[in-house]
Amino acid sequence: DIPEALARANGKPKLLRKMFLSFHETYAGAMPKLLKLINEGSYPEAERLAHSLKGDAGTLAAKELSEAASKLEYAFRVDQKEEMDFLLDALEKALAPAIAAIFTLSRSKEVVPP
């Protein structure tokens, strides 16, 4: 929700662009990192990554992505390993288009996406 994200950036398009680019830099490799952490049994670190992703996506008004990360974070917290595949798939489906859109933004002169 670009208008909501812009409002959260105090109406400053350049700040919002910076926030988007920072998000891309931080989370472009989030899925492989999450899978690696899970395979290593590093569930507390995976939970922290999901938590950070939830918060940063929420700040950018990426509601579907924030919700997917929140559900994954909760699954880590309550040890619902049987739900992991489904939740990781949902997260990837929400994260991939966000990362792709921000990558497109990073290669353009636009301040924020239309």
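Before looking up single residues I fix the accessibility classes: buried means under 20% relative accessible area, exposed means over 50%, and partly exposed is what lies in between. The model I am reading is a predicted one.

**Entry 1: Pro-97**

I began with Pro-97, and because its relative accessibility is 47%, I enter this proline as partly exposed. Its place is in helix α6, which covers residues 84-106. I also looked up its separation from Gly-41, and found the two C-alpha atoms 28 Å apart in space, with the two positions 56 residues apart in sequence.

**Entry 2: the overall fold**

I then stepped back to the whole chain, where I count six helices and zero strands. Read from the N terminus, the order of elements is therefore written simply as α-α-α-α-α-α. The radius of gyration comes to 14 Å, close to the 13 Å that the globule rule gives for 114 residues, so I note the protein as being as compact as a globular protein of that length. For the extents along the principal axes, I wrote down a C-alpha trace of about 40 × 25 × 20 Å. Of the 114 residues, 37% are buried. I also looked at how contacts are distributed along the sequence: among those between residues at least 6 apart, 62% join residues at least 24 apart.

**Entry 3: the nonpolar core**

Which residues touch the most other members of the largest nonpolar core? The core has 34 residues, and I list Phe-23, Leu-34, Leu-53, Leu-65, Leu-72, Leu-91 and Leu-95 as those touching the most other members. At least two residues of this core come from each of α2, α3 (30-39), α4 (43-59), α5 (63-77) and α6. The helix that gives the most is α6, with 10 residues.

From that list I followed Leu-34, setting aside its neighbours within four places in sequence, and found it in contact with Ala-46, Leu-49, Leu-72, Phe-76, Leu-88 and Leu-91.

**Entry 4: Phe-23 and Ala-57**

Next I took Phe-23, which sits in helix α2. Is Phe-23 buried or exposed? Its relative accessibility is 4%, and so I count Phe-23 as buried. With residues up to four places away in sequence left out, Phe-23 touches Ala-28, Leu-53, Asp-56, Ala-57, Leu-60, Leu-65, Leu-95, Ile-99 and Ile-102. For a distance across the chain I checked Phe-23 against Glu-64, which is 41 residues away along the chain, and the C-alpha atoms are separated by 15 Å.

Since Ala-57 appears among the contacts of Phe-23, I looked it up as well, and found Ala-57 in helix α4. Because its relative accessibility is 0%, Ala-57 counts as buried. Not counting residues up to four places away in sequence, Ala-57 touches Phe-23, Ala-62, Leu-65 and Ser-66. The C-alpha atoms of Ala-57 and Glu-67, which are 10 residues apart along the chain, are separated by 8.8 Å.

**Entry 5: the largest pocket**

Rolling a probe the size of a water molecule over the atoms shows where empty space is left. In this model the largest pocket holds about 190 Å³ of space. It is lined by 13 residues, and those closest to its centre are Ile-2, Phe-20, Ala-62, Ala-98 and Ile-102. Both α2 (13-27) and α6 supply at least two residues of the lining, and α6 gives the most, with four residues. What is the make-up of the lining by residue class? I find 12 nonpolar residues, no polar ones and one charged one.

**Entry 6: two positive phi values**

Last, I looked for positive phi values outside glycine. Asn-10, although not a glycine, has a positive phi of about 55°, and this asparagine lies in the loop between α1 (2-8) and α2. At 60% relative accessibility Asn-10 is over the cut-off of 50%, so I enter it as exposed.

Asp-79, also a residue other than glycine, has a positive phi near 60°, and it lies in the loop between α5 and α6. Its relative accessibility of 48% falls between the two cut-offs, which is why I count Asp-79 as partly exposed.

Definitions and conventions:
Residues numbered from 1 in each chain as written. Predicted model: local features only at pLDDT ≥ 70, side-chain atom pairs only at ≥ 80, totals over all residues. Heavy atoms only, no water. Buried < 20%, exposed > 50% of the residue type's maximum accessible area, 1.4 Å probe, protein only. 1 Å grid on protein atoms, 1.4 Å probe; cavity = no way out; pocket = protein on both sides within 12 Å on 5 of 7 lines; lining within 4 Å. Points joined across faces, edges and corners; volume = space filled by probe spheres on them. Nonpolar A, V, L, I, M, F, W, Y, C, P; charged D, E, K, R; others polar. Core = buried A, V, L, I, M, F, W, Y, C linked by side-chain atoms within 4.5 Å. Contact = heavy atoms within 4.5 Å. Rg over C-alpha atoms; globule rule 2.2 N^0.38 Å.
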